[in-house]
Amino acid sequence: NTTELDIDIPLMDGHKVHAKLRGRLDDKNPIVIMMHGRPGTGNELLQYLGARYLSQQGITTLRLWMYDYGQSYRSIINCSLDTHISDFETAVDYVSSKSQGKVFALGHSYGGLTILGSKARLDGAVLWDPTHGMAWHDSNFDSLDYPEKTYDNLVVGLGGSGYLYPVRQGEQDKLLGDNTSWAANKGYPTKYILAAAGPLARYAKKYFEVADDPKELVEITGAHHQFEDSDAITEQLFAETAEFIKKYN
């Protein structure tokens, strides 16, 4: 029965970040800022169900949209990793200025990469199978399985349900290379929850190796990148997340 509140977080360039709040910003409960992957939304399955689960555990959540409909918000065509990082840091500053509780971050996939690339001051972070720069150079990403076509400023994935991303963003991503060092010297505890059956887990372990203590790593057997393989897998993902936040609250 928790009511969700829509919030617009103002950005320096006149745009806004759309967010949905479950709980209250002005109490002492821990709050988790949730970052979706690319090209996701704050309402995708993992984000919505994760927020509901954490709310039931007494944890406030704020789900972010890195792009959304309307002139006030960003279009995915105009976004890059740098944009994501800057907007995420603005959201952290916004929450920190209003919350009396500890501020955590939760990032799935590209959202995890965003958090690791930021200099945000947090009380902890949970990374769900975070993207790594070397993944773009991995031969496992067979172009026959992931055919793409470029239309003006947008790359469209033609396989399966498809996907899209801006040309400029894709070019920057492929130049990242080994960005393992991003996980070092964060100044807060981190937990890596990896999809053992997916292609990114072996890269995310590189992050864990250089991360400062305290740190935790969990591999979920049978899980692929979206963690939607079964109810048990999704529930383990959420339970591991809630356990970490409560531990460091």
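Here are three short exercises on this predicted model, each with a worked solution.

**Exercise 1.** Work out where glutamine 169 sits, whether it is buried or exposed, and which side chain it makes a polar contact with.

*Solution.* Start with the backbone: glutamine 169 belongs to helix α4, which covers residues 167-173. Next, check accessibility. Buried means under 20% relative accessible area, and glutamine 169 comes in at 1%, so it counts as buried. Now look for polar partners: its side chain makes a polar contact with the side chain of arginine 38, at 3.3 Å. Finally, list the neighbours. Leaving out residues up to four places away in sequence, glutamine 169 touches Arg38, Cys79, Ser80, Leu81, His84 and Tyr110.

**Exercise 2.** Find the largest nonpolar core and say which helix gives the most to it.

*Solution.* First, the count: the largest nonpolar core has 41 residues, and Ile9, Leu62, Leu64, Phe88, Ile115 and Leu122 have the most contacts inside it. Helix α2 (residues 81-98) gives the most to this core, with seven residues. Then there's another core apart from it, with 23 residues, including Ala51 and Phe244.

Zoom in on isoleucine 9: among the residues it touches are Leu62, Leu64, Ala91 and Tyr94.

**Exercise 3.** Describe how helices α1 and α6 pack.

*Solution.* Take the geometry first: α1 (residues 45-56) and α6 (residues 231-248) pack at an angle of about 50°, their axes 10 Å apart. That angle makes α1 oblique to α6. As for handedness, the crossing is right-handed. Last, the contact itself: α1 brings in Leu46, Leu49, Gly50, Tyr53 and Leu54, while the α6 side includes Leu237, Phe238 and Ile245.

Key. Residues numbered from 1 in each chain as written. Predicted model: local features only at pLDDT ≥ 70, side-chain atom pairs only at ≥ 80, totals over all residues. Heavy atoms only, no water. Helix = DSSP H or I, 4+ residues; strand = E, 2+ residues; numbered from the N terminus. Buried < 20%, exposed > 50% of the residue type's maximum accessible area, 1.4 Å probe, protein only. Polar contact = N/O pair within 3.5 Å; in protein donor to acceptor, adjacent residues only side chain to side chain. Contact = heavy atoms within 4.5 Å. Core = buried A, V, L, I, M, F, W, Y, C linked by side-chain atoms within 4.5 Å. Axes fitted to C-alpha atoms, helices over the stretch in contact; angles between N-to-C directions. Parallel < 35°, antiparallel > 145°, perpendicular 65-115°, else oblique. Left-handed = near helix turned anticlockwise from the far one by under 90°.
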